[in-house]
Amino acid sequence: MIKMIALKCPECGAKLQIEEGHKECFCQYCGHKIFLDDGSVETTYIYRKVDEARIKEAEVDKLIRLKELEIKQKELDRKAEQRKENKVIAIKSGIIISIFGIFLTLIGILIHNENITIMGVVLWAVVLWLGVMYFLFNMDNNESNNEKEDTK
């Protein structure tokens, strides 16, 4: 049968129990080291150095980094929104110019004016060329952005 010794931590006052025969123990509450010798209790202190300044510095660094990431994300979101708005403007402009080109082409055909008809067809060709260039340019940008994100 194991005999237990009841004692009180001289540092924090917590009630402790240890097996008989042990020469030392640690308080499970405050970490104080207690030496046991022939029924007399002698203590030594264990100091835990907590560098609060470094802890606060690390917390501040973490908050700064989080704020930087938040700012960077807002900037990315703003740029994405701007690209979306630019795309809408480009599409609307293309539609308006196309309608005008159709209108010129039809008017040129109706009044048998070759110059007006050619202007309408040229407008269509320009809109088509700009649309193709726009989407090709964006496709190249999207691929290079995806490659950049993959390397991160």
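Author: Quick definition before we start: a salt bridge is a side-chain nitrogen of Lys or Arg within 4 Å of a carboxyl oxygen of Asp or Glu. This is a predicted model, in which local features need pLDDT of at least 70 and side-chain atom pairs count only at pLDDT 80 or more, while totals for chains, interfaces and linings use all residues. Residues are numbered from 1 along each chain as its sequence is written, and side-chain values use heavy atoms, with hydrogens and water left out.

Reader: OK, what pattern of helices and strands does the chain follow along the sequence?

Author: Helices (H or I, at least four residues) and strands (E, at least two) are DSSP runs, numbered from the N terminus. The chain has 5 strands and 2 helices. Reading along the sequence, you get β-β-β-β-β-α-α.

Reader: How far apart are the end C-alpha atoms of helix 1?

Author: Helix 1 covers residues 52-110. The expected span is 1.5 Å times one less than the number of residues, so the 59 residues of helix 1 should span 87 Å. The model agrees with that, as the end C-alpha atoms sit 86 Å apart.

Reader: How much of the chain counts as buried?

Author: Buried means under 20% relative accessible area, exposed means over 50%, and partly exposed is in between (1.4 Å probe, protein chains only). Helix 1 has some buried residues: Gly94, Gly101, Leu104, Thr105 and Gly108. Out of the chain's 152 residues, the buried share is 14%.

Reader: And what share of the contacts between residues at least 6 apart joins residues at least 24 apart?

Author: A contact means heavy atoms within 4.5 Å. Among contacts between residues at least 6 apart in sequence, the share that joins residues at least 24 apart is 16%.

Reader: Back to salt bridges: which residue does Lys74 pair with?

Author: Side chains of opposite charge can pair when their charged atoms come close. Lys74 counts as exposed, at 53% relative accessibility. The partner lies 4 residues away in helix 1, about one turn of the helix. With the closest N and O atoms 3.5 Å apart, that partner is Glu70.

Reader: How close do the N and O atoms of Lys67 and Glu70 get?

Author: These two are 3 residues apart in helix 1, about one turn. Both count as partly exposed, Lys67 at 45% relative accessibility and Glu70 at 37%. Their closest N and O atoms are separated by 3.6 Å.

Reader: What is the N to O distance between Glu75 and Arg78?

Author: Glu75 and Arg78 are about one helical turn from each other because they lie 3 residues apart in helix 1. Glu75 is partly exposed at 32% relative accessibility, and Arg78 is partly exposed at 47%. Their salt bridge has an N to O distance of 2.6 Å.

Reader: Which residues do shared salt-bridge partners join into one network?

Author: The whole structure holds 5 salt bridges. Those that share partners link up Lys67, Glu70 and Lys74.

Reader: Last one: how much accessible area does the nonpolar patch have together?

Author: Patches are made of residues with over 30% relative accessible area and no salt bridge, joining like charges within 9 Å and nonpolar side chains (Val, Leu, Ile, Met, Phe, Trp, Tyr) within 5 Å. Leu136, in helix 2 (residues 114-151), is partly exposed at 40%. Leu136 shares the patch with Ile118, Val122, Val126, Leu128, Trp129, Leu130, Val132 and Met133. By the Shrake-Rupley method (1.4 Å probe; for residues, only the protein chains shown count as cover), their area together is about 820 Å².
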